[in-house]
Amino acid sequence: MSNENVQVLPSLPRIGDPAPQFEAVTTQGTIKLEDYKGSWLILFSHPADFTPVCTTEFVAFQEIYPQLRELNCELLGISVDSVSSHIAWVRNIEQTQGTKIEFPVIADLNKNVAMKYGMIHPGESSTETNRAVFVIDESQIIRAIIYYPLSTGRNMEEILRLVKALQTTANHKVSTPANWVPGDKVLVPPPASQQLAEERVNDESLEVIDWYLAKKDLKI
C-alpha cells in the first residue's frame, strides 16, 4: 500500500495527556480552556438541546454544581447546537422546571472542540456529540474519561464520587478501592521489594489483607 493510501487517524486525548486547548463561544461569552487553570474542570458533552435525556441531565448537573464548586471544580457543557439554541433551552429549563443553569455551554457548531476530544462517534451518530465526560485537573491534565451512549443518562453521584476520589489520590498519593466513598479506608501502594513486603505484613498501623493489599484510614 502506498503512503498516499494510508489513512492517518487523529490522536484522541487519553488519561494523563494534557487537555487539548480551545477557545469557544459559550452561553456566557468566549471561553478558553486556560481560563480554568488552577481549578478542576468537568467538560461534558450532550447530543442536542431540547431532548429529553439531555434535559434531565442538565437539571441534574446543576443540582451537583454547588458541591463541585466546593471541590474547586467547574462545569462546562458542550454540544454542536448554536448559542441561540443553548440560550433558548436553558431559559426553557428555568421556566418549566425552575432550575437556573449557572454553568456555561459551548456552542460548537463547527465541531472544533468535539473533534479534539473525540466526542463524536460515527458508529452511533455522525452529527451529534455523545455523552462524554472529561475530568481535567488544575494543571489541565486529563484525569478521567467517561463515555455514555445517547440513550443513557449519566449518574451524577458517580461523577461526584469520581472527582473526590481523583482529588484524594492527587493530594495523598493513595488509591481508592471499588465503591470507595469519602470516609472509607484507602489503599496504600504495594511494596516494591521483598524486604518491604516482609515489613508490610507486620505493619500494625495498616489493615493488611496480604502483602500487596493493605488499607489505611486517611488522616486529613
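The face of helix H2 turned away from its buried side carries Ser84, Arg91 and Gln95, which are exposed. Here exposed means over 50% relative accessible area, buried under 20% and partly exposed in between, with a 1.4 Å probe and protein chains only. The model is a predicted one, in which local features need pLDDT of at least 70 and side-chain atom pairs count only at pLDDT 80 or more, while totals for chains, interfaces and linings use all residues. Residues are numbered from 1 along each chain as its sequence is written, and side-chain values use heavy atoms, with hydrogens and water left out.

**Helix H2**

Helices (H or I, at least four residues) and strands (E, at least two) are DSSP runs, numbered from the N terminus. The buried residues in H2 are Ser85, His86, Trp89, Val90 and Ile93. They cover an arc of only 125 degrees around the axis, which puts them on the same side of H2; the arc is that of the directions from the helix axis to the C-beta atoms. Helix H1 (52-70), strand S4 (73-79) and strand S5 (105-107) are the elements against which the buried residues of H2 pack.

The expected span of a helix is 1.5 Å times one less than its number of residues. For the 15 residues of H2 (residues 83-97) this gives 21 Å, and the end C-alpha atoms are 21 Å apart, which agrees. After H2 comes Gly98, whose phi is positive, near 70 degrees.

**Selected residues**

The table lists three residues with their helices and relative accessibility.

| Residue | Element | Relative accessibility | Class |
|---|---|---|---|
| Cys54 | helix H1 | 1% | buried |
| Thr168 | helix H4 (residues 156-172) | 11% | buried |
| Glu199 | helix H5 (residues 194-201) | 43% | partly exposed |

UniProt lists Cys54 for "active site" in an unreviewed entry; such annotations may be inferred rather than shown by experiment, and their positions are given in the numbering used here. Leaving aside neighbours within four places in sequence, Cys54 is in contact (heavy atoms within 4.5 Å) with His46, Pro47, Ala48, Trp89 and Arg131. Trp89 is also among the buried residues of H2.

Thr168 touches Lys173, Val174, Trp180, Val186 and Leu218, not counting residues up to four places away in sequence. Glu199 is 12 residues from Trp211 in sequence, and the two are 8.6 Å apart in space, C-alpha to C-alpha.

**Domains**

The protein chain is assigned domain 1 (17-154) and domain 2 (173-219), with bounds from an automatic or database domain assignment. Their C-alpha centres lie 36 Å apart.
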